[in-house]
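Welcome! Have the model open beside you and try each exercise before you read its solution.

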Amino acid sequence: MPRPFRFGASLLTSAPADEWRARCRRVEELGYDVILVPDHLGMVAPFPALVAAADATERPRVGTFVLNAGFWNPTLLAREVATTNDLTGGRLELGLGTGYIQAEHDMAGLPFGSPGERVDHLRRTVAELARLLGTTETRVPLLLGGNGDRMLRLTAEHADIAAFTGARLVPGDTDGRLAPVDSTEFAQRVARYREFAAERAAAEPAELNLLIQLVAVTDDPAGALRPLLERRPDLTLEQVLDLPVMLVGTLEDISAKLRALRDRYGFSYLTVLEPYLEAFAPVVEELRRNPLAAPADPLLGSPHE
C-alpha cells in the first residue's frame with residue numbers, strides 16, 4: 001500500500017497575534033496536516049511563529065520549511081528546537097537546508113561560503129542535533145532538502161523526510177531566484193536520491209515531500225499560465241503542465257497527477273505556499289476522499305517505467 005497523503009501549508013508573512021492565529025486556524029479548517037514556516041529575512045521568525053500556531057490549533061503538526069543552517073549555531077539551535085518541541089506538545093518537525101540566498105547572508109553579516117562549505121556546515125549541524133536531541137524523549141522528525149549529490153546523500157543518510165523543490169538557483173543570482181527543472185532532470189534527481197537511500201540501514205524509508213510552486217484549479221490552463229509563459233518564452237504550455245511542481249488544470253486532472261507522482265516517485269507529503277492555500281483545498285479534500293484512484297495523467301507515464 002502507498003504511504004497516505006499528508007499536506008503542508010507554508011505561511012510566509014508575519015502578522016499581529018489575532019491575525020496569525022486566525023490564519024493558522026484556517027489552515028486547520030482546510031484540512032492541512034502541517035503548518036510550516038520558512039527561514040528568510042523579512043518573513044516570519046520561525047520558532048515563535050510555530051509556538052503560536054500550535055497554541056491556536058489542535059490537530060496540525062508544525063514545522064520549519066526549511067531553516068537556513070548558515071543562520072544558526074548548532075548548539076544554540078538545539079536549545080530552540082527542544083524548547084519549541086516542548087511548547088508545541090511534541091508537534092514539531094524540523095526542516096533544515098543549506099541556505100541559498102547570498103543577499104540574506106550579506107545583510108546579516110554572515111559568511112555565505114561555497115556550496116561545499118554550506119553542505120559541510122549542515123552536516124555538522126545535523127550531527128550536533130543528533131548528539132544533543134537524539135534520545136527518544138526529545139528527538140523530532142528531521143526533514144532535509146536539496147538537489148545536488150552531496151545534499152541528496154546527506155538526506156538519504158539522516159532524514160525522516162526527504163524534500164524536493166523541483167527547482168534550482170538561477171546561475172549567478174544572489175537574490176534566490178529559482179527556475180524549475182524539467183521532468184527529465186527531476187526524475188534523475190529522485191533516482192539519484194534512491195541510489196543513496198538504498199545504502200541506508202533504516203527500519204522505514206523516508207517520507208518524500210514535494211514543494212508545489214503553483215496551483216490553479218481551472219478549465220483553462222493556457223489562460224492561467226499565460227503570465228508565466230510570457231515571462232518564460234523558452235517554455236511551452238505542454239512543458240509547464242508536465243512539471244511536477246506545477247498543478248494547473250481541473251480538479252480531476254490535478255488529483256490524478258498527484259496520485260501518479262506518488263505511484264511513480266513516492267511523493268506522499270505535499271506542501272503548498274501560502275498564496276495557494278485556498279486553491280489547493282479542494283485537492284486536499286479529493287485526495288482524502290479518493291486516495292487510491294488509478295493515475296490518469298499520460299505525461300507521467302507508468303509508475304513501473
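**Exercise 1: a residue at the surface**

Task: is Leu 178 buried or partly exposed?

Solution. Leu 178 counts as partly exposed, because its relative accessibility is 39%; buried means under 20% relative accessible area, exposed over 50%, and partly exposed in between, with a 1.4 Å probe and protein chains only. Next, find Leu 178 in strand 9 (residues 178–180); helices (H or I, at least four residues) and strands (E, at least two) are DSSP runs, numbered from the N terminus.

Before going on, note that this is a predicted model, where local features need pLDDT of at least 70, side-chain atom pairs count only at pLDDT 80 or more, and totals for chains, interfaces and linings use all residues. Residues are numbered from 1 along each chain as its sequence is written, and side-chain values use heavy atoms, with hydrogens and water left out.

**Exercise 2: two rings**

Task: how are the rings of Phe 164 and Phe 267 arranged?

Solution. Start with the centres, which are 5.5 Å apart, and then take the planes, at 85° to each other: the pair is edge-to-face. (Rings of Phe, Tyr and Trp, its six-membered ring, pair if their centres lie within 6.5 Å; planes under 30 degrees apart count as stacked, over 60 as edge-to-face and the rest as tilted.) Now look at the chain: Phe 164 belongs to strand 7 (residues 161–164) and Phe 267 to strand 13 (residues 267–273), so their pairing ties together parts 103 residues apart in sequence. Then check the burial: Phe 164 is buried, at 4% relative accessible area, and Phe 267 is buried, at 0%. Finally, widen the view to the cluster in which ring pairs link Phe 164, Phe 186, Tyr 193, Tyr 265 and Phe 267.

**Exercise 3: opposite charges**

Task: which residue forms a salt bridge with Arg 189?

Solution. The partner is Asp 149, with the closest N and O atoms 2.8 Å apart; a salt bridge is a side-chain nitrogen of Lys or Arg within 4 Å of a carboxyl oxygen of Asp or Glu. Arg 189 sits in helix 7 (residues 183–197) and Asp 149 in helix 6 (residues 149–158), so this bridge ties together parts 40 residues apart in sequence. As for accessibility, Arg 189 counts as buried at 17%, whereas Asp 149 is partly exposed at 32%.

For contrast, turn to Glu 128 and Arg 131, whose closest N and O atoms are 2.7 Å apart in a salt bridge. These two are three residues apart in helix 5 (residues 115–133), and therefore separated by about one helical turn.
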